[in-house]
2 protein chains.
Amino acid sequence: MARKPKPAAAEVARPKGERTKAHILATALALFRERGYEATGMRAIAEQAGVSIGNAYHYFESKEHLVQAFYAETHRLHLEACVPALAGVKPLGARLAVLLTTKIDTAEPYHHLSAILFRTAADPKSPLNPFSAASTPVREDATQLMKLVIEGSDARVPADLASELPNLLWLFEMSVILFWIHDDSAGRARTRLLIARSSELLAKLVSLASFPLVKGMRTEMLELVRELRAGAESSAPGTPSAPS
Amino acid sequence: MARKPKPAAAEVARPKGERTKAHILATALALFRERGYEATGMRAIAEQAGVSIGNAYHYFESKEHLVQAFYAETHRLHLEACVPALAGVKPLGARLAVLLTTKIDTAEPYHHLSAILFRTAADPKSPLNPFSAASTPVREDATQLMKLVIEGSDARVPADLASELPNLLWLFEMSVILFWIHDDSAGRARTRLLIARSSELLAKLVSLASFPLVKGMRTEMLELVRELRAGAESSAPGTPSAPS
DNA sequence: GTCTATAACCGGATAGAC
DNA sequence: GTCTATCCGGTTATAGAC
């Protein structure tokens, strides 16, 4: 019953054609970067990678799935840049600004690719959309990082707000990225202005959340968010909510 | 020098092939509604409309442009439903809810088509994206309606906020529509919940905007919005801004 | 110069053999 | 897992008709 003779040790390290997959992805990203997404055909990718079209489709369901794979990679890059940059920074506003700035800096080489990714955000059926089940791991990673930003700060966050804040700030992050995609100013100056100011504003808002005048609204808003999430049974688990 | 003999009166009414264009659009919308966007081919549209493919492309640059044309039409429907429904309603929150509810009700038959439209919102290059120059007239119409909602209410809005509020609330409207697109609950119950509660919350926020604690933030936020718009020279004139 | 039609193109995606 | 051959549908080139 010895099903797998296993030729030698240390062969588990590269599960067969995993190399091929990584190679195709790397080739695709390079070509996207050089020529742009639209101008790069699947035929060109396959040829450059030294495989056939059919083989490329064996590893990636579609051209857009190549972009999704790239998305996972940029998050890794973001993590590497963001976490060290956060060291020693305590105010919430400043930490938020660090997260967002490192985000747009690490993603800069793929500015136009990000637009492709975001294009699918509105399509409920696409597996690439950030609210879909398929994107859950990436979304979780992103909110996890946001949680680190909050908890590492010296801001006092009320308990009820604390549990939702990472999700709410992730939505804010998505908004900033959407703005960035449309931003063609030199050095993305407009996005940087937006980040600097809105981060401070949001931090101030959080610090004000316990004051009597604002507290009622905070409670109402959080209750709404909870109810909306509760209503999402069959739909995607991660629930988008509106800005307040 | 009589350049145009003008055969008879009332011939200016139908400028030639305008009928054909309208007919193609109507046919396309019907087919989209019956079979869905993806499942409806340009060949099928042309055939059903009794024209050739080439002719269809003479009137509409692309399949997506058919969707843009539909968008203009839904706004007309929205207007017809919204304006009468606003009569007699004075509180800002209620008026906002009326605008949003009539919006999703009139657009309901084209729920999945709206997703197609929104898909392009992230693509800076697409003429269909709501922030683009090509979409300016439609966006203006929408903010104009929002202005009517605000000015017809009994809410007291500070002057500096008043000039920006229509634009800000238009962004809010876009967010609600994005939520609606992803909402597959029965009767769009979750979107209706979102509309009812968030409209009230926003109205409350506006009424609080003059209180000392909040006033500073209001000023800062409005200044940021103005600066962002000022920085948008070469880009689209209508500038998206972040939620606060 | 505005409208209409036919035939091809092009590129993403699939079928099925090896 | 890898390939070749093919499909399919949006789009374009181009020529003729009003």
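**Getting to know the protein around DNA strand D**

Me: What makes the link between M42(B) and DNA strand D a polar contact?
Reply: In this predicted model, a backbone N or O atom of M42(B) lies 2.7 Å from a phosphate oxygen of DNA strand D. The cut-off for a pair of N or O atoms is 3.5 Å, so this pair counts as a polar contact.

Me: Which elements give two or more residues to the surface near DNA strand D?
Reply: They are α3 (53-59) of chain A, along with α2 (42-49) and α3 (53-59) of chain B. The largest share, 4 residues, is from α3(A).

Me: How do you know that Y59(A) makes a polar contact with DNA strand D?
Reply: An N or O atom in the Y59(A) side chain is 2.4 Å from a phosphate oxygen of the strand. That is within 3.5 Å, so the pair qualifies. S52(A) has a polar backbone atom 2.7 Å from a phosphate oxygen of DNA strand D, and this too is within the cut-off.

Me: How many residues surround DNA strand D, and of which class are they?
Reply: There are 15 residues around the strand, with R43(B) and K63(B) among the closest. By class, 5 are nonpolar, 8 polar and 2 charged. Of the strand's atoms that come within 4 Å of the protein, 58% belong to sugar and phosphate.

Me: Why is C82(A) called buried?
Reply: Its relative accessible area is 0%. Buried means under 20%, so C82(A) fits the term. C82(B), at 0% relative accessibility, is buried by that cut-off too.

Me: How many disulfides does the structure hold?
Reply: Over all chains, there are 0.

Notes
Residues numbered from 1 in each chain as written. Chains lettered and ligands numbered in written order. Predicted model: local features only at pLDDT ≥ 70, side-chain atom pairs only at ≥ 80, totals over all residues. Heavy atoms only, no water. Disulfide = S-S within 2.5 Å. Buried < 20%, exposed > 50% of the residue type's maximum accessible area, 1.4 Å probe, protein only. Near = heavy atom within 4 Å. Polar contact = N/O pair within 3.5 Å; in protein donor to acceptor, adjacent residues only side chain to side chain. Nonpolar A, V, L, I, M, F, W, Y, C, P; charged D, E, K, R; others polar.
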